[in-house]
Amino acid sequence: MCASTATLQILLLTLVVSTESGVLTLTPDRGTTISISSGQVKGCKVCSVAGRARQCNSSLLLKDNTAVSVEFECPKPQDAFSVEIVRNIECTTKSCNGHIIQADAGSLPLLAFNRTFTWNLKASAPKAFKIDFSSVGLRQIDPSERCPDRHSFSLKALQTTGNATVGKYCRTGPIRSAQILDQGSFSLDVPAGQKLQNGQFDVSVGEEIKSLAKITLMLPKGTSLSELLSPNYPDSFPDDDVMEWYFQVPDKHKTAVQFSKLTQPRCVKKQTAVEYHSKGRGALVLSLMDPQPHQTQGNFSLMLRNCEMDRRRAGSPGLSLNLKVSSSSKSSAVLCKVDMSKMEGLSLHIEKMRAASDCEMKMNSVPKEKITVTSNSDLSFQDCHPEDVQVTAMRVIECSQLKYCPKAIRLSMPLLPTCMPAPLNHVTWTLRPPEDGTVELTSPTMTLKQSLPGQPCNDSIIIKATEDDGTTIGHFCPQGSIQMVQIHTNVSVTVSGMAGKTPRMAFRHVLNARLKGEISERYIFTVSPKKDTPVLLASPGWPVGMKSLSTVSWIVSVPPKMEAVLMFANLSQPKCSDRHTNIRVQRVGCPEEEYSRREDEMAKSEITVSESFYLNMSNCNPERGDFSVVTKITLQKSKSLLLTIILSVVAALLVIFVIVLVVVCVVIRKKKKKLNHQVSIYNPNGTIFLPGQNGLPKTVEDDDCHEYASIEDTLVYTHLLRKGREIGVYGEFDTYQPFSGHTDSQKPLVSKDNGPNDVPVGTYQEFRFSSQQAPPLPVRPASHNQSLVDNVIYQAEDQSEEERSPSLGPRLEPEGGN
């Protein structure tokens, strides 16, 4: 031992001498970086030497497992420079790629410097990373303190809102593990001249925590005192954040929590608070100024919540505190004073559940197995664990006449004192209206839903409604579609935690109750389904059948432009000895029924109702079997509305089509009127021109000599009339009678420009053409089926007057004629 100590001293001396004299050779471990930095602005420099090349600066970063020669330009660099050795560890959702291993082989030449070994850790959302300290255990100290072995650990959390120092720690203590959300770092500070102690802390994937960090402590057996500090102590805890500590308490040990050195901030939003959670207990939420739990047993979590602080004012304090948790194994009675004035008329019942347990309960110094507290009393509990005791509360509300009944009754969970050995298991209110009266239940802040398969409850409380004889009406929980429940009989309402858990204090005000006059049915539920969430409604007593001859109604509101689709699932019908079961659907305000079925009729699989409606069910007196049904209601867009929209679109398109058609007809009519004043003119050159303001193109040769003001029918159709007489198409009674007078519209065929040659009236003048003009048309037989332009307008010049004006004989069908 002495030899090894002497060897270490010689090694340290050699390293110090070599550092002062000049060159160090450093080789970082694989995956690590070595940072040498100085806080001095002027003075010492650190240089990296590679052959003849030399680079000097106030800091130096070494990595990549490469040997580097380092030199300092000052006589005592260990006083000016600090060294940090950094390694990164990343975790997936299943595993991490390394552990925290304390070894300084790569930095051993820097033993003369103050060194910090840092492990940067990164978690994979949504889980945290976890560091296990169970091999040595840590204890938290004030940032100004020093550890006895001068090895101090620090834990930091890196958040989007900034970094937070979770705490500074020394070896040997109750802290067994730490979990950090997202990113963080764990570091170990080692003073100059002291070799790093070898060790390892395992890193693994943690939980899905909802806090900045979670520190787990295992309190030792016997008497102990553990001190913890809020993050960033003595500075402020991060704004609007949460810190969690979990305490593992030995059996038959009691713990007490106390705050000291407390500073509270000015809050803009929310409030500072502390929450206590434990197995079999509900969440206990207290302000920082309230008395904290004393002499409690069992493991528990403590969560410190900060508000959104007002830091704009100068000197505004933040949140910081010193948390002391004391533990003791001494068996001593816990005194508990209960103030029943805060219980809102409830009576408190405490019952010992395990006869073999060491739990001893006393009321006013008298030992009891069952305790009923109706007024302020002094209680004491010794060696009582939560599993040994059951605590319940009860209240009976009744009146004989409606005018004496309370108008509004708050059904609220009582807040028990922290000295009670167990949390509240359940609360029961028994409501007894006058004869023929009704109990009306509504939720103060939200609607209710039935707890059914396919429609589970997600909250921590369940509300059970039963009749006086124990018949179950239904199980309900918050956040549904039922706005009101009316029951025409005495009813008991019991509120308890889901799956045996303690009811959350967030639902302290559970229901509002009223005692009212008689209703037409035994049960009435008012329901407002939501658009995208199907609603399941079970008959009273489900899965057991309804009571004999009982009735129930659901008043279902359907929003405008929507319709409800009803499906009857799990329908069970009895064989009736008296009367019939009936399922009826009737729209609100309509006397006609939309749907009605008895037990001996086949029920429809689906019904669609387009308006708000009543769903009524009545039971018979069953001979055997039960009447029970679960109704599924789904809202959808109204199909009639969709049809109306489609018809409206079609009607609009038809109107547009008619308008377009009218416009087209008007335009065509105007064009026809315009064309009625135009005369088509034959151009032998092969081009047809329509007369307009510019007229026909003129040349010297034609000079309008072939243009006519009008054409008489007898001249145009003469050869057809003649041919028709020859073949017997026209009889003698069809004769052409020339008009003896003259009108403006009937004029003889006269050329507009009678030249020097006097052209006879009504006589065709042969077209004269030049070599550049079109040749004359060929003469075709009159019976040939050709167009009127080719065969009708032009006649031979040698036709006689008789041929031009034949007498029309009887009309026959011509061969091959038009």
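How much area does the protein expose, and what share of it do carbon and sulfur atoms supply? The protein exposes about 45400 Å², and carbon and sulfur atoms supply 52% of that area. Accessible areas come from the Shrake-Rupley method with a 1.4 Å probe, and for residues only the protein chains shown count as cover.

The model you are looking at is predicted: local features need pLDDT of at least 70, side-chain atom pairs count only at pLDDT 80 or more, and totals for chains, interfaces and linings use all residues. Residues are numbered from 1 along each chain as its sequence is written, and side-chain values use heavy atoms, with hydrogens and water left out.

**Overall picture**

The protein has 818 residues, of which 41% count as buried (under 20% relative accessible area with a 1.4 Å probe, protein chains only; exposed is over 50%, and partly exposed lies in between). It contains 7 helices and 55 strands; these are DSSP runs numbered from the N terminus, with helices (H or I) of at least four residues and strands (E) of at least two. Among contacts (heavy atoms within 4.5 Å) with a separation of 6 or more, 79% join residues 24 or more positions apart.

**Two cores**

A nonpolar core is a set of buried Ala, Val, Leu, Ile, Met, Phe, Trp, Tyr and Cys residues joined through side-chain atoms within 4.5 Å. The largest one has 77 residues, and L348, L431, L566 and F613 have the most contacts inside it. A second, separate core of 70 residues includes C44, L110, F117 and F259. Back in the largest core, F613 touches residues including W554, L566, V588 and I633, leaving out those up to four places away in sequence.

**Sheets and strand pairs**

Strands of a sheet pair through backbone hydrogen bonds, either parallel or antiparallel. Two strands count as paired if DSSP finds at least two bridges between them.

One open sheet has 4 antiparallel strands in the order 1-6-3-4. Strand 1 (23-26) and strand 4 (53-57) each have a single partner strand, so one side of each is left without a neighbour in the sheet. The twist averages 30° from one strand to the next (axes are lines fitted to C-alpha atoms, for helices over the stretch in contact, and angles run from 0 to 180 degrees between N-to-C directions).

Another open sheet of 4 strands, also antiparallel, follows the order 29-34-31-32. Its edges are strand 29 (334-338) and strand 32 (366-368), each pairing on one side only.

Strand 13 (residues 162-171) is mostly covered, with 7 of its 10 residues buried. It pairs with strand 11 and strand 12, as the table shows.

| Antiparallel pair | Bridges | Residues opposite each other |
|---|---|---|
| Strand 1 and strand 6 (residues 68-72) | 4 bridges | T25 and S69 |
| Strand 29 and strand 34 (residues 377-382) | 5 bridges | V334 and F381 |
| Strand 11 (residues 138-141) and strand 13 | 4 bridges | I141 and K168 |
| Strand 12 (residues 152-159) and strand 13 | 7 bridges | K156 and T165 |

**A buried glutamine in a loop**

Where does Q455 sit? It is found in the loop between strand 39 (448-450) and strand 40 (461-467). Q455 is buried, with a relative accessible area of 9%. Its side chain reaches the backbone oxygen of Q450 at 2.9 Å. Leaving aside neighbours within four places in sequence, Q455 is in contact with K449, Q450, P534, V535 and L536.

Conventions: A polar contact is a pair of N or O atoms within 3.5 Å; within protein, one must be able to donate a hydrogen and the other to accept it, and residues adjacent in sequence count only if both atoms are side-chain atoms.
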